[in-house]
Amino acid sequence: MDAPLSLTLLYTAGIAGDLAQLPRLHTFLQRLKPGDARNTLLLDLGGSCSQAIWHCRATGNRSALIVLDGMGYHAATVEGTLDAGNRAKLAAQVTLALVDRQNEWRFTLPSADDGGIVATMRPRESSARLQIMLKLSESTCLERRVLRFQGVCAGQVGEVVVDMRGEPALVSSCIHVMPADTPPNPSIAGAVEFVESEARFFVQKYGGQMP
């Protein structure tokens, strides 16, 4: 079959444990997705948790990543966020790909024999048709089949479209700011409540400081 016309990538970074924004972010992401979302990837490029936030400390920085999994994210950078033990625990619970310097994520687009696409922390010699760098860069660019993303902060979503016909080519890139009046998604709000309740349980069982 012919390769899909394009691949759309929506990405975030710097959530820093702010679970309260995630139900609104989910609504915003749903609005940004193209009509046919089969060739759309949701990616987080790091900083999902912070040791300054109580539930991040209580869960070994897994709390925000669990919610991102529920939001349908495909892959997230966990370098500097999860230690080996917490990475192993989380990997057994989620479908979200956990990418760090030792672990990458390889996938193919639906109905396309494209040689594979890799989400990774560092470019390398590869047979992959496209390498997606899951870390922030100074600008968005696609060179030698390596895609890099311009930085975003909390409340922003980067959007990149890549033409996958023939040699991958950058079609467009932009950064969207989530409107202040974006309503929360009830299902993700429920997921946040569940994660926070589990974190409180960890605090009560193993000790620690509540908010």
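A cavity here is a set of grid points where a 1.4 Å probe fits but cannot get out, and the largest one in this predicted model has a volume of about 40 Å³. Keep that enclosed space in mind as a destination, and begin with the whole chain on screen.

**The whole chain.** Show the C-alpha trace, which spans about 55 × 40 × 30 Å along its principal axes, and colour it by secondary structure to bring out five helices and eleven strands. The radius of gyration is 17 Å, which agrees with the value near 17 Å that a compact globule of 211 residues would have. If you then colour by burial, 48% of the 211 residues in the chain are buried; among contacts with a separation of 6 or more, 57% are between residues 24 or more positions apart.

**The largest nonpolar core.** Select Leu22, Leu25, Leu29, Leu65, Val67, Met71 and Tyr73, which touch the most other members of a core of 29 residues. Helix H1 (22-32), helix H3 (63-70) and helix H5 (186-206) each supply at least two residues of this core, and H1 gives the most, with five. In soluble globular proteins, nonpolar side chains tend to be buried together.

**Helix H3.** Next, isolate H3, a mostly covered helix in which six of the eight residues are buried, namely Ser63, Ala64, Leu65, Val67, Leu68 and Asp69. Display their surroundings, and you will find these buried residues packing against H1, strand E2 (40-44), helix H2 (54-58), strand E3 (75-77), helix H4 (84-91) and H5. Centre the view on valine 67, which, leaving aside its neighbours within four places in sequence, is in contact with Leu19, Leu22, Ile188, Val192 and Val195. Just after H3, stop at glycine 72, whose phi is positive, at about 90°.

**The second core.** Now move to a separate core of 26 residues, for which Ala13, Trp105, Leu109 and Ile117 are included among the members to select.

**The cavity.** Rolling a probe the size of a water molecule over the atoms shows where empty space is left. With a threshold of 30 Å³ or more, the count comes to one cavity. To frame the largest cavity, select Thr12, Ala13, Ile15, Gln21, Leu25, Cys153, Ala154, Gly155 and Gln156, which line it. Colouring this lining by class gives five nonpolar and four polar residues, with no charged residue. Two residues from earlier stops reappear in the lining: Leu25, from the largest nonpolar core, and Ala13, from the second core.

Notes:
Residues numbered from 1 in each chain as written. Predicted model: local features only at pLDDT ≥ 70, side-chain atom pairs only at ≥ 80, totals over all residues. Heavy atoms only, no water. Core = buried A, V, L, I, M, F, W, Y, C linked by side-chain atoms within 4.5 Å. Buried < 20%, exposed > 50% of the residue type's maximum accessible area, 1.4 Å probe, protein only. Helix = DSSP H or I, 4+ residues; strand = E, 2+ residues; numbered from the N terminus. Contact = heavy atoms within 4.5 Å. 1 Å grid on protein atoms, 1.4 Å probe; cavity = no way out; pocket = protein on both sides within 12 Å on 5 of 7 lines; lining within 4 Å. Points joined across faces, edges and corners; volume = space filled by probe spheres on them. Nonpolar A, V, L, I, M, F, W, Y, C, P; charged D, E, K, R; others polar. Rg over C-alpha atoms; globule rule 2.2 N^0.38 Å.
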